[in-house]
Amino acid sequence: MNAAVPLPAQIRPPFTDEQPGGSPAEPASVLLPGHDVPLGRYTTVRRLLPHRRRRMVGAWCFVDHFGPDDVADRPGMRVPPHPHIGLQTVTWLVAGEILHRDSLGNSQSIRPGQLNVMTSGRGIAHSENSPPEHPPSMHGVQLWIALPESARHGAPDFRHHAEIPTARLGDLTVDVLVGSLAGARSPAVVHSPLLGTQLTGPEGAAGSLPLDPAYEHGVLAMSGTARVGDADLAPGSLLYLEAGRTELAVTAGPDCRLLLLGGEPFADPLVMWWNFVGRTHEDIVEAREDWAAGRRYGTVFDDPTPVLAAPPMPTTRLKARDRNGVTSG
Ligand code: MN
């Protein structure tokens, strides 16, 4: 499991100078702009994590928001077979359909309101594609969770959750993807204290979310706008909230759909490179060599598409970075 969680008062991220006018006693918050990244040949995603100044929120180490995209006359998502180590992937759709196939033999379509959780453990390969006949719009998120040391060498696993629990908070609807909130608990298995929820409500809907003060949090708008704490939120940025909060006031603007992520600050510095999450340069070299040699990951079921080749290793050693982006080793 993770090492001890620092007390909120001891958390002093390097960006406290950007705290927007709050009192020194108030846990810091900061709005982190995302950036666009091509994913496969046909999809561009908005990447919110990792950010230069904020690598993680709890064990959440990768946040990609895609769409809403008009894919009526386009292939949609095309991501050929590729490997992962050291992480879980969490896929959540608002619109569209994606077919997941993996090296455990799973072939599973995911549709809006459903949740896919893939655990790489020490190695898995998968592909993700819009089926040939797909809905005209695609909108969703793909998230990575870093596995703690105790789980990162374990067996791979894949779970599809056709339904996930929902709670009400004030006028807001809360879909609980990971962890628990407002009495609803997700069936998804994760390996560190973690929260992932979607919040929706009509314009003007308001609620106060009870937060675990041991957790840091991140909020992004998937659509519409919202007032979240002291910040106005719209798609394209992640609102990072330092640990130490016990509640968060949310008021929905038009078309509001938020994703709230949280977790205990992750202790281990990580090396993240391509589709791999490790602890050392050597972890990554070995994972890459095994993929090139056809070892470790197996073959993605029923997908004849040529696999993705890993890019060449950089000429310098990969360095581990902690959650604040500080390098070590
Ligand atoms: Mn993947």
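Which strands each supply at least two residues of the lining of the largest pocket? The legends below take up this question first and then turn to other sites of the predicted model.

**Figure 1. Lining of the largest pocket in the predicted model.** About 670 Å³ of space lies in this pocket. Of the 34 residues that line the pocket, Arg 47, Phe 62, Trp 144, Trp 274 and Asn 275 are the closest to its centre. The strands that each supply at least two lining residues are β2 (35-39), β4 (60-70), β5 (78-84), β10, β11 (137-146) and β25 (271-273). Sorted by class, the lining comprises 18 nonpolar, 8 polar and 8 charged residues.

**Figure 2. Surroundings of Asn 275, one of the residues closest to the centre of the largest pocket.** Asn 275 is located in the loop between β25 and β26 (276-278). With a relative accessible area of 11%, Asn 275 is buried, because the limit for that class is under 20%. When neighbours within four places in sequence are left aside, Asn 275 is in contact with His 82, Pro 83, His 84, Ile 85, Leu 87 and Trp 144. Among these contacts, His 82 and His 84 are also protein donors of the manganese ion, and Trp 144 is another of the residues closest to the pocket centre. For Asn 275 and Leu 194, the separation is 81 residues in sequence and 21 Å in space, taken from C-alpha to C-alpha.

**Figure 3. Protein donors of the manganese ion.** The NE2 atoms of His 82, His 84 and His 126 serve as the protein donors, lying 2.1 Å from the ion. Along the sequence, the donor residues follow the spacing H-x1-H-x41-H. His 84 belongs to strand β5 and His 126 to strand β10, so this pair ties together parts that are 42 residues apart in sequence. Both His 84 and His 126 are buried.

**Figure 4. Largest cavity and its lining.** The count comes to 1 cavity of 30 Å³ or more, and the largest cavity has a volume of about 50 Å³. Its lining consists of Thr 89, Thr 91, Ile 98, His 100, Ile 110, Asn 116, Met 118, His 126, Glu 128 and Phe 158. One of these lining residues, His 126, is also a donor of the manganese ion. At least two lining residues come from each of β6 (87-95), β7 (98-102), β9 (115-119) and β10 (124-129). The class composition of the lining is 4 nonpolar, 5 polar and 1 charged residues.

**Figure 5. Second largest pocket.** This pocket has a volume of about 220 Å³. It is lined by 14 residues, of which Arg 78, Val 79, Arg 101, Asn 129 and Thr 305 lie nearest its centre. Strands β5 and β7 each supply at least two residues of the lining, and β5 gives the most, with 3 residues. By class, 6 nonpolar, 4 polar and 4 charged residues make up the lining.

**Figure 6. Salt bridge between Asp 303 and Arg 101.** The closest N and O atoms of this pair are 3.5 Å apart. Asp 303 lies in the loop between α1 (281-292) and β27 (320-321), whereas Arg 101 lies in strand β7, so the salt bridge ties together parts that are 202 residues apart in sequence. Asp 303 counts as buried at 10% relative accessibility, and Arg 101 counts as buried at 13%. Arg 101 is also among the residues nearest the centre of the second largest pocket.

**Figure 7. Further salt bridges of the model.** A search of the whole structure finds 14 salt bridges. In the one between Arg 152 and Glu 149, the closest N and O atoms are 2.8 Å apart. Arg 152 is buried, with a relative accessible area of 10%, while Glu 149 is partly exposed, with a value of 38%. Arg 152 and Glu 149 belong to a network of salt bridges that also links Asp 268, Arg 279 and Asp 283. Asp 290 and Arg 296 form another salt bridge, with their closest N and O atoms 2.9 Å apart. Here Asp 290 is buried, with a relative accessible area of 9%, and Arg 296 counts as partly exposed at 26% relative accessibility.

Definitions and conventions. Residues numbered from 1 in each chain as written. Predicted model: local features only at pLDDT ≥ 70, side-chain atom pairs only at ≥ 80, totals over all residues. Heavy atoms only, no water. 1 Å grid on protein atoms, 1.4 Å probe; cavity = no way out; pocket = protein on both sides within 12 Å on 5 of 7 lines; lining within 4 Å. Points joined across faces, edges and corners; volume = space filled by probe spheres on them. Helix = DSSP H or I, 4+ residues; strand = E, 2+ residues; numbered from the N terminus. Nonpolar A, V, L, I, M, F, W, Y, C, P; charged D, E, K, R; others polar. Donors = N, O, S within 2.8 Å, 3.2 Å for Na, K, Ca; no water. Buried < 20%, exposed > 50% of the residue type's maximum accessible area, 1.4 Å probe, protein only. Salt bridge = Lys/Arg side-chain N within 4 Å of Asp/Glu carboxyl O. Contact = heavy atoms within 4.5 Å.
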